[in-house]
Amino acid sequence: MNNLLVLPLLIPAFTAVILIFLKERVDLQRIISAVSVFLNILVAGIIVYQVSTKGIQTLYMGGWLPPYGIVFVADMFAALLVLVGAIVGAACLFFSFASIGEERERFYYYPFFHFLLTGVFGSFLTGDLFNLFVCFEVLLVASYALIVLGGSKGQLRETLKYVLVNVISSSLFVATLAYLYAATGTLNMAHLSMRVAEAGQGGVMNVIAVLLLIVFSIKAGLLLFFWLPDSYSAPPVAVRALFGALLTKVGLYAITRTFTLIFIQEPGLTHSLIAWMAGATMILGAIGALAYNDLGRIFNYNIIISVGFIAFGISVATQDSLNGVVFYLMHDMVAKALLFFLGGMIISASGTDRLKEMGGLIRRYPWTGWMFFVLTLALVGVPPLSGFAGKVMMVRSGFGQNHVALALIALASSFIVLYSLIKVFQQVFWGGEKREEQVKPLHYKAMMAPAAVLFAIVILMGVGAETVNGYVSQAGAVLADPALYINAVMKE
Amino acid sequence: MELVVALAIGVLFTVGVYLVLSKSLLRILLGTNLITHGVHLLLLTMSGLKTGAPPLLGEKAEAYVDPLPQALILTSIVISFGVTAFFIVLAYRTYRSTGTDDVEGTKEERQQ
C-alpha cells in the first residue's frame, strides 16, 4: 500500500475544480496551475524514486484487496511515463501562458488542461481495465473540449469527427470488457493475466485480444489513424503539443500493457498482427509526411511514423526491444512536444503555416533554427541525442528476432523523418523571407523558455543515456516478465 | 431470456450502425446513442440475467447476482450521458454556424 499513487490523479483533478470557480481571475488561474504542475513533477519524481528502491508500488482503493476493487499499480514503466508526462505537461502549460490568448484562458482552458492530465496519469497508473476505460473517457472529454474551444468552423467540423470516432471506439471498448468479464470473471489486469494463462488463449480470448488491439489502436493512431492528421490540425499549437506528446502515447501504453501482461500466450497471432500494423503505419505515415506542404500536417504524420516505430518494438517483445520501447516513448513525448513548440514559434513568426511562403527565419531567430535542426537529428536517432538509445535497442532486437523486413522499414522510416524535417528546416530557415509584412511573435521569450527546458532534456537524455537506461531496464524487466507484476499486485 | 436480450442487442447495434453511416448529424447522434444502449445491455447480459437474490447479506439466499456488471453499467451510463450531452451541443453549434445538419455540407465549406 502506498497512498502516494493517488496523488498524480488528485492534484490535477482538484486543481481543475478550483480553477472552474476562478473563471475571471486569469492571473490567479495561471499561478495555481503552475504550482499544480510543479507538484505533479515532484510527486512523480518521488514515485519513480520509491519504485527504483522498493520495487513495484500498489494502492488498493478503499482497502479492497485484489481481485476485488480497483488497484493502482506503479511499476517503473508507469512511473517513468507519469514523470515524463508531468514534465511535458508543465512545459505545455508554460507554452500556453505565452500563446493561448486571454479569451481561451477565460473560458475554462486551464480546467480542461488539468482534467486531461488527470485522465492521462490515471490511465498510466491504473491496474484495472474498466478503470482504464474511465480514465480514457476523462481524458477524451477534456480533449473534445480543448479541440473545440474557440468554436471556429474548422474546429467544430474536426471535433465532430473526433468525437464520433472516439464514441464508437469507446462503445467497442465497453463491449470488449463485457466479453472479457464473461469469459474470465475479472477485470483486474494482474488477475486477468493469471486467468488467461490458466484457461489458455484460444477462440474467444483471441477475439477479445484483437478487439482490444483495435480499440487501443484507434486511440494510439496505429494503422487506424485516419482521424488523426485532420483533428490534430484544428486546435492551437499548445493543445496540439499536448495531444501529440501525450494522447497517442496513452494508447501505446495500453497496447504495451495489454500485450506484455495479459495476452501473451499466442504471440503468433496478436504480436504478428501488431507487427503488420506497425509496418503499414510507418509506410503510410512516411507517405503522408512527404506528401504535404504545411507544417501542421508534416508534424502530424511524423507522430504517426513514431507510433508505428514504437509498435514495432512492442511486436518484437524481447526484453531488449521492450527497453527500447520505454526509452523511445519517453524520448518521443519530450521531442514531439518540443517539435510542436518550435513549429508554433515558426508559424507565429512567419504568419503562415505553408512551407512555400516561409523562408529566411534563421536571421531573425537563430536559436529556434538551430534547436529545430538538433531536434531533427534527435528524432532521426543520431547518437549523442535522446532518440538514439531507444531506436538502437528496438532495431537491434528486430534483426536478432528475424523481423528483418520490419527492422528495415523502421530504419527507412527514420530516413523519411530526416528528409521531411530537413525539408522543413531548409524552406523555413534558409533563403530570403518571402512575405512582405513581418509578423513579430508577441511573447518570443516566454515561448522560448519551455522549449529550452525540453531541449535540455532531449540532450541530457541522450548524453546521460546510461543513467536513464538503469531505470528503463528496470521497466523493461517487468514488461518482459509478467510474473513480477502479478506477484506485486496479488501478493496479499 | 439471454437469447431474447442478445437478439435485442443485435438489433440495437444494427440500427445504430445504419444511423451512424447516414449523412444527417442528428441521425448520427441517435445512432451513437443506440450503439451505447446496446453495449450497456450487453454488459448486463454477459454476467447472466437474474441468477439469484440481490447481493445483500440479509437475504440468506443460495445464490446471489453478481453486482459488478451493474456497477460497471452505472459508470458507463453516466459517462455516455455526459458525452451525449456534449455531442448534442456540438451538433447544434455546428448546425448554427454552417446552417445545415448535412455532414457533406460541412465538407464543401472546406473546399472553398
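In the next few minutes I will walk through a predicted model with chains A and B, starting where the two chains meet and then moving inside chain A.

Let us begin with the interface, where 23 residues of chain A are in contact with 25 residues of chain B. On the chain A side, α6, which covers 129-148, and α7, which covers 153-184, each supply at least two of the touching residues, and it is α7(A) that gives the most, with 16 residues. If you sort that side of chain A by class, you find 17 nonpolar, 3 polar and 3 charged residues.

Now stay with α6(A) for a moment, and look at how it packs against helix α5, residues 109-125 of chain A. The two axes come within 8 Å and cross at roughly 155°, and because of that angle α5(A) is roughly antiparallel to α6(A). The crossing itself is left-handed. Among the residues that meet here are F112(A), F115(A) and L116(A) from α5(A), and L132(A), C135(A) and F136(A) from α6(A). In this contact 12 residues are nonpolar, 5 are polar and none is charged.

A second pair of helices makes a useful comparison for your eye. Helix α3, residues 76-99 of chain A, and helix α14, residues 319-350 of chain A, have axes that come within 9 Å and cross at roughly 5°, so α3(A) is roughly parallel to α14(A). The contact includes F77(A), L80(A) and L81(A) of α3(A), together with V326(A), L329(A) and M330(A) of α14(A), and its residues divide into 15 nonpolar, 3 polar and no charged.

Let me turn to the strands. Strand β1, residues 57-60 of chain A, pairs with β2(A) in the antiparallel sense over 4 bridges, and one of the pairings joins L59(A) to F72(A) in β2(A). Within β2(A), which spans residues 71-74, V71(A) and V73(A) point one way while F72(A) and A74(A) point the other way, and all of them are buried. In the loop between β1 and β2 of chain A you will find P67(A), which is joined to P66(A) by a cis peptide bond with omega of about 5°.

What covers the buried residues of helix α8(A)? The buried residues of this helix, which runs over residues 189-199 of chain A, are M189(A), A190(A), H191(A), L192(A), S193(A) and V196(A), and their cover includes α6, α7, α9, α11 and α21 of chain A. Just after α8(A), G200(A) takes a positive phi of about 80°.

Two other residues have a positive phi although neither is a glycine: Y108(A), at about 65°, and L223(A), also at about 65°. Are these residues buried or partly exposed? Y108(A), in the loop between α4 and α5 of chain A, counts as partly exposed because it has 18 C-beta neighbours inside 10 Å. L223(A), in the loop between α9 and α10 of chain A, is buried, because 25 other C-beta atoms lie within 10 Å.

I will finish with G387(A), which is found in helix α17, residues 386-400 of chain A. G387(A) is buried, because 28 other C-beta atoms lie within 10 Å. Setting aside residues up to four places away in sequence, G387(A) touches H331(A), A335(A), A378(A), L379(A), V380(A) and G381(A). G387(A) and G462(A) are 75 residues apart in sequence, and their C-alpha atoms are 7.1 Å apart in space.

Terms used: Residues numbered from 1 in each chain as written. Chains lettered and ligands numbered in written order. Predicted model: local features only at pLDDT ≥ 70, side-chain atom pairs only at ≥ 80, totals over all residues. Contact = placed C-beta atoms within 7 Å. Nonpolar A, V, L, I, M, F, W, Y, C, P; charged D, E, K, R; others polar. Axes fitted to C-alpha atoms, helices over the stretch in contact; angles between N-to-C directions. Parallel < 35°, antiparallel > 145°, perpendicular 65-115°, else oblique. Left-handed = near helix turned anticlockwise from the far one by under 90°. Buried ≥ 20, exposed ≤ 12 C-beta atoms within 10 Å, placed from the backbone. Pairing = 2+ DSSP bridges.
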